[in-house]
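Biologist: Before I plan anything at the bench, I would like a close look at a single part of this protein. Please start with one strand and its two faces, and then work outwards until I can place it in the chain.

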Amino acid sequence: MTKAGPSALTVQGLGMAYGANRVLDGIDLDLPTGQVLALLGASGSGKTTLLRLVAGLLMPCAGRIEIAGRTVADPARGIAAPPEKRGLGMVFQDYALWPHLSVAQNVGFPLEMQRVPASARQARITRALDRVGLTPFADRRPSDLSGGQQQRVAIARAIVGEPPLVLFDEPLSNLDRELRETMVDELGALVAELNLSAVYVTHDHAEALALADQIAVMRDGGIEQLASPARLIDRPRTAAVADFLRLGCLLPAARGAGGGWVIAGTATALPAPEAGQAPEGARARVLLPERGLSLGAPEAGQASLRARVQGVQVRATGFALTLTVEGSTAPIRLVSPAPARRGEQLSLRFAPEALRWFPPEG
Ligand code: ADP
């Protein structure tokens, strides 16, 4: 049996406070080498604090951080390696390239900071530029390059020291939506090709789903769920995860007079929860996942709900409909090949086992 090498990053019981304000608590992570972990969460959930703890820009008050098998922070044992001793690569918001330096000088900058002799620098710069396909652009200024090429300069600079782990701090957050989608594709391809071990901070669920092998959904200084994108989509652990990932419509549910479940405040019946999914008590929330919905009369084994069309937008891929079901104002979005009129009632069909049940709000 071959023994696996050390993880790129291991975090155990990590805690952090600003004065009396605890902002991270009980964080556990284990990132295998060659994988990307996304830290995903709303503003204030603790993503940046966690990234800064890994980078060594902040020190934890509890727990332990290990990078490629080496403990870099452990307050109980008095270990607190500074950033320059952790050997990490960083990619910042907007890439933070120096406009007055050439591409090669930008890429070589971290080596200069580490006082690598000039003779050794050139070979490393050449290799980093080659790995990201930018060799012909070595003497250009960043402003002469496309957005995608600038992104590659930032990555070349992050990997020039051959780091065991690269940290991405919301690199795409200031780009407009369309550009971001293109850049996410390019970035994903490059990160996979370079076989990087990386931690990627974002508040954008689509970015996290597209790039990461594992996603830590963060909320109030804790990890709400840590799983692969496919697992998160299929089995969100809480309603908050389902909501944050925009998996679909969360409906309030209640036990009806006959003991079955209905949409709260209505007589609209919901299919019975699968075994093991049944919530306790008389109230619940149920996720109607958008990816499992289609329009039309239910087929054998399917369930359905009546939904009213609230909006229609023409798209290249069809008609983007916004619908609601009785008892909820939560929007349900799907693309239909056929047009529909605002106010029209349609049948939404789905597999009953696609529903996900959670405890009620509050
Ligand atoms: P995110 O990156 O997810 O937006 P942060 O890690 O920046 O979240 O912040 C987590 C919490 O820590 C927030 O409640 C924030 O107000 C608090 N916080 C962040 N930086 C400081 C600081 N320098 N001093 C005090 N509180 C801070």
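Modeller: In this predicted model, strand E18 (residues 332-336) has a covered face made up of Ile-332, Leu-334 and Ser-336, while Arg-333 and Val-335 make up its uncovered face. Strand E18 is paired with strand E17 (residues 318-325), the two running in the antiparallel sense over five bridges. One point at which this pairing can be followed is Thr-322, whose bridge partner in E18 is Arg-333, a residue that belongs to the uncovered face of the strand. The two strands form a hairpin with six residues between them, and in the turn Gly-327 has a positive phi of about 95°.

Further along the chain comes strand E19 (residues 345-350), in which Ser-347 is found. Ser-347 counts as buried because its relative accessibility is 15%, and buried means under 20%. Leaving out residues up to four places away in sequence, Ser-347 touches Ser-294, Leu-295, Gly-296, Ala-297 and Pro-298, and also Ser-304, Leu-305 and Arg-306.

To place these strands, it helps to know that the protein chain is divided into domain 1 (9-234) and domain 2 (247-358). The C-alpha centres of domain 1 and domain 2 lie 39 Å apart. Strand E12, at residues 248-255, pairs with strand E14, at residues 283-289, in the antiparallel sense over seven bridges, and within this pairing Gly-248 stands opposite Pro-289 of E14. Strand E12 also pairs with strand E13 (residues 261-263), again in the antiparallel sense but over three bridges, and here Ala-253 has Ile-263 in E13 as its bridge partner. The hairpin of E12 and E13 has five residues between the strands, and Gly-259 in that hairpin takes a positive phi near 100°.

Just ahead of E12, the loop that follows helix H8 (239-244) contains Arg-246. Although Arg-246 is not a glycine, its phi is positive, at about 50°. Arg-246 is exposed because its relative accessible area is 60%, and exposed means over 50%. A second residue of this kind is Ala-68, which has a positive phi of about 45° without being a glycine. Ala-68 is found in the loop between strand E4 (62-67) and strand E5 (70-74), and with 36% relative accessibility Ala-68 counts as partly exposed.

Two loop residues in domain 1 deserve the same attention. Arg-86 lies in the loop that joins strand E6 (79-80) to strand E7 (89-91), and although Arg-86 is a loop residue, Arg-86 counts as buried because its relative accessibility is 3%, under the 20% limit. Apart from neighbours within four places in sequence, Arg-86 is in contact with Leu-53, Val-54, Ala-55, Gly-56, Met-59, Ile-67, Arg-70, Val-72, Ala-73, Ala-80 and Ala-81. Measuring from C-alpha to C-alpha in the model, Arg-86 and Met-113 are 14 Å apart in space and 27 residues apart in sequence.

The other is Gly-221, which lies in the loop between strand E10 (214-219) and strand E11 (222-227). Gly-221 is buried too, with a relative accessible area of 2%. Once neighbours within four places in sequence are set aside, the residues in contact with Gly-221 are Val-23, Leu-24, Asp-25, Ile-27 and Ser-45. From Gly-221 to Gly-343 there are 122 residues in sequence and 42 Å in space, taken from C-alpha to C-alpha.

Seen as a whole, the protein chain contains eight helices and 20 strands, and its C-alpha trace spans about 80 × 50 × 45 Å along its principal axes. Of its 362 residues, 47% count as buried. Among contacts in the chain with a separation of 6 or more, 66% are between residues 24 or more positions apart. The accessible surface comes to about 17,800 Å², and 51% of that surface belongs to carbon and sulfur atoms. The chain carries 37 positive and 35 negative side chains, and the centres of these two sets lie 2 Å apart.

Conventions: Residues are numbered from 1 along each chain as its sequence is written. This is a predicted model: local features need pLDDT of at least 70, side-chain atom pairs count only at pLDDT 80 or more; totals for chains, interfaces and linings use all residues. Side-chain values use heavy atoms; hydrogens and water are left out. Domain bounds come from an automatic or database domain assignment. Helices (H or I, at least four residues) and strands (E, at least two) are DSSP runs, numbered from the N terminus. Buried means under 20% relative accessible area, exposed over 50%, partly exposed in between (1.4 Å probe, protein chains only). Contact means heavy atoms within 4.5 Å. Accessible areas come from the Shrake-Rupley method with a 1.4 Å probe; for residues, only the protein chains shown count as cover. Lys and Arg count as positive and Asp and Glu as negative; His and the chain ends are not counted. The place of a charge is taken as NZ of Lys, CZ of Arg, CG of Asp or CD of Glu. Two strands pair if DSSP finds at least two bridges between them.
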